[in-house]
Amino acid sequence: MKQPILSVRDLHYVYGNGQAGLDGVNIDINEGEKIAVIGSNGAGKSTFFLNVNGVLKAERGEIIYRGTTITRKNLKELRKNIGIVFQDADNQIIASTVRAEVGFGPMNLKLPKEEVIKRVDEALTYMNILDFKDRPPHYLSGGEKKKVSIADIIAMKSEIIIFDEPTVALDPLNAEMLEEVLEKLSREEKTMLISTHDVDFAYRWAERIIVFCQGKIIADGSPLEIFQNEEVLKQSNLKQPMLLNVYESLVQKQLVADEKTYPRSIEEFQKMIQAIS
Amino acid sequence: MNEMMLLLLCGLLAAVFLLAEVRQHNHAHEGTHHRHKIGHKHGEGFVIDMHAYASKISHWNPTFKVILAIVTLVLCIALNNPCVSLAVLIAMAYLTMVKGGLSVSEYLSVMMIPIVFILLGTLAIAIEFSYQPIGQYNLHCGFFYVYTSQDKLKEMIFLILKVFAAVSALQMMTLSTPSSEIISVMRKAHVPTLIIELMNIIYRYIFILLDVYSKMKNSADSRQGYCDFRTSCYTFGGVAGNMLIVSLKKANVYYDAMESRCYDGEMVFLEEEKKVAAGQIIAAAIFVVLLLMLWWFTK
Ligand SMILES: Nc1ncnc2c1ncn2[C@@H]1O[C@H](COP(=O)(O)OP(=O)(O)O)[C@@H](O)[C@H]1O
Ligand SMILES: [Mg+2]
């Protein structure tokens, strides 16, 4: 079996005010996986991400990146290879031009200037916002800011990209743009973790789903396994994805043969319907 | 240590906001017709910033512009000559409006910001008080006289001219150079890094907090939070307190976001290299020589 790119062993984190953030988290993440992280508000998703990125330092447990255990000394290795796109772009954008903003990560990596410029141009082209280069971030719209915050991470060329609730503040058009970007990234075999409350999106996009509840991982498996598990859904106050629900109802009423096809997107569903009629 | 810096900064900014609020509040009572003037609702700093990005000479090398502005300013003050002042005034207006593409009315409105201070300040030089009509021109005011003379008036006008010329030189710089570039010029001039970093963060932070602030204010407004004076005061207190908490929290999140992108205590931003054209330097040199000659011949 292949070695996981990132392993987390028995991670505990308590906030300064005594509030428990993580309470014994264990997980192995393999290269190229598309993982959706779900769980109600305050379940510990963001805390987990910040720990995995080495921003928060857990009091107990260990993080292993590509076989090396992370200590204080090689923390930077972790931050270099794992990038977080924060929930609120305004909490991430630090510089006063888009160019300087996207260049912030590569500059911190102490790359030569030509390389930084090249990466900034690449990242901006990747996100289709090359003409924003000289604009100050405070005159950008919400969706544009989100694009900039994603370009930030792309410019760092991290191996694992984490998106913390990326769809929350986006309108449908921008949400679609985001999914296109995710599609593009997954074609490049990037490992991705996305926290979301949108079960339909998780069902459609993810290969694997992790469910957080009160600082623990209570379930970890394929979308189908997770969303058919009543117990887990109830515990984390989640609903079944619409498509799964519809499919199961159709099967129950014997309108559709029980072939376990489980369409994951509208297109797949339409294809299935077409096949019957 | 850096986290402390950010926290401190937030506290500072919260204080600034209290002041801004008081000013805005006074404005709000003057009627709603101010509202639709873009930019003005956020105070003058905001407007100038906008002009800098729109300016057609914003692609000029910032160091060049800053040096030109400072040299002009120094000459203007050191030479102390009305002809030089006039020349500077015209040249800077030309750069800002013709080269930079700023409209005349916008330029005038920016230039008029300090007019009250200048008039009040220079008036004190021109006029004097006495019980007897001893001046060249006297104005009888009850039991005393306000008097002045032609020389004094001339002195006042020349002074006004000089101040305006100096202001126009600086405005040429601020109306064509985004703040981030001015900060980067200061960095090249070896201003301490702490100050440079603070300026960078403050600049970005101002816009974020303005945003938060206007949201909070609107939400309070929509719940009748400003219906009368008493309630307004109460709401203002609440919003101000909240602003402080929010800025503290934001500082924390911000620091996390910076750390996650490998920030290690040294903030360096990527800056664009803007080339200086040889023609620009020659033109600037000729301008300076002309000013000196003007001074020499009208001395
Ligand atoms: N900065 C903080 N200080 C104290 N407690 C916090 C902080 N951030 C989060 N928490 C607490 O940690 C728990 C997990 O929060 P979080 O990881 O943000 O959840 P999620 O991202 O899943 O909504 C919550 O109970 C929350 O109240
Ligand atoms: Mg969260």
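**Exercise 1. Charges over rings.** In this predicted model, take Arg135(A) and find which ring its charged end sits over.

*Solution.* Start from the charged end of Arg135(A): it lies over the ring of Phe132(A), at 4.8 Å from the ring centre. Now hop to chain B, where Lys299(B) has its charged end over the ring of Trp295(B), with 5.0 Å to the centre.

**Exercise 2. A covered helix.** Work out how many residues of helix α3 of chain A are buried, and which elements they pack against.

*Solution.* Step one: α3(A) runs over residues 98–108, and 11 of its 11 residues are buried, so to speak from Val98(A) to Asn108(A). Among them are Arg99(A), Glu101(A) and Phe104(A). Step two: look at what surrounds these buried residues. Within chain A they pack against α2 (75–81), α4 (113–126) and α5 (142–154), and chain B chips in with α10 (229–260). Step three: walk just past the end of the helix, where Lys110(A) takes a positive phi of about 60 degrees.

**Exercise 3. Aromatic pairs.** Count the aromatic pairs in the whole structure, then classify Phe201(A) with Trp205(A) and Tyr255(B) with Tyr263(B).

*Solution.* The search over all chains turns up 18 aromatic pairs. One of them is Phe201(A) with Trp205(A): the centres are 5.7 Å apart and the planes differ by 10 degrees, under the 30 degrees cut-off, so call this pair stacked. Why are these two about one helical turn apart? Because they sit 4 residues apart in helix α7 (residues 199–205) of chain A. Phe201(A) and Trp205(A) are both buried.

Next comes the chain B pair. Tyr255(B) and Tyr263(B) have ring centres 6.2 Å apart and planes at 85 degrees, so they are edge-to-face. Both of these tyrosines are buried too. Finally, follow the ring pairs outward: Tyr255(B) and Tyr263(B) belong to a cluster with Phe269(B) and, from chain A, Phe104(A). You've met Phe104(A) already, as one of the buried residues of α3(A).

**Exercise 4. Two helices in chain B.** Decide whether α3(B) and α4(B) are roughly parallel or roughly antiparallel, and give the hand of their crossing.

*Solution.* First get the geometry: α3(B) (residues 62–79) and α4(B) (residues 82–99) pack at about 160 degrees, with 9 Å between their axes. That angle is over 145 degrees, so the helices are roughly antiparallel. Their crossing is left-handed. Last, list who meets whom: Leu68(B), Thr72(B), Cys76(B) and Leu79(B) come from α3(B), while α4(B) supplies Val84(B), Ser85(B), Val88(B), Met92(B) and Leu95(B).

Conventions:
Residues are numbered from 1 along each chain as its sequence is written. Chains are lettered from A and ligands numbered from 1 in the order in which they are written. This is a predicted model: local features need pLDDT of at least 70, side-chain atom pairs count only at pLDDT 80 or more; totals for chains, interfaces and linings use all residues. Side-chain values use heavy atoms; hydrogens and water are left out. Buried means under 20% relative accessible area, exposed over 50%, partly exposed in between (1.4 Å probe, protein chains only). Contact means heavy atoms within 4.5 Å. Rings of Phe, Tyr and Trp (its six-membered ring) pair if their centres lie within 6.5 Å; planes under 30 degrees apart count as stacked, over 60 as edge-to-face and the rest as tilted. A charge sits over a ring if NZ of Lys or CZ of Arg is within 6 Å of the ring centre and within 35 degrees of the ring normal. Axes are lines fitted to C-alpha atoms, for helices over the stretch in contact, and angles run from 0 to 180 degrees between N-to-C directions. Angles under 35 degrees count as roughly parallel, over 145 as roughly antiparallel, 65 to 115 as roughly perpendicular and the rest as oblique. A crossing is left-handed if the near helix is turned anticlockwise from the far one by less than a right angle, and right-handed if clockwise.
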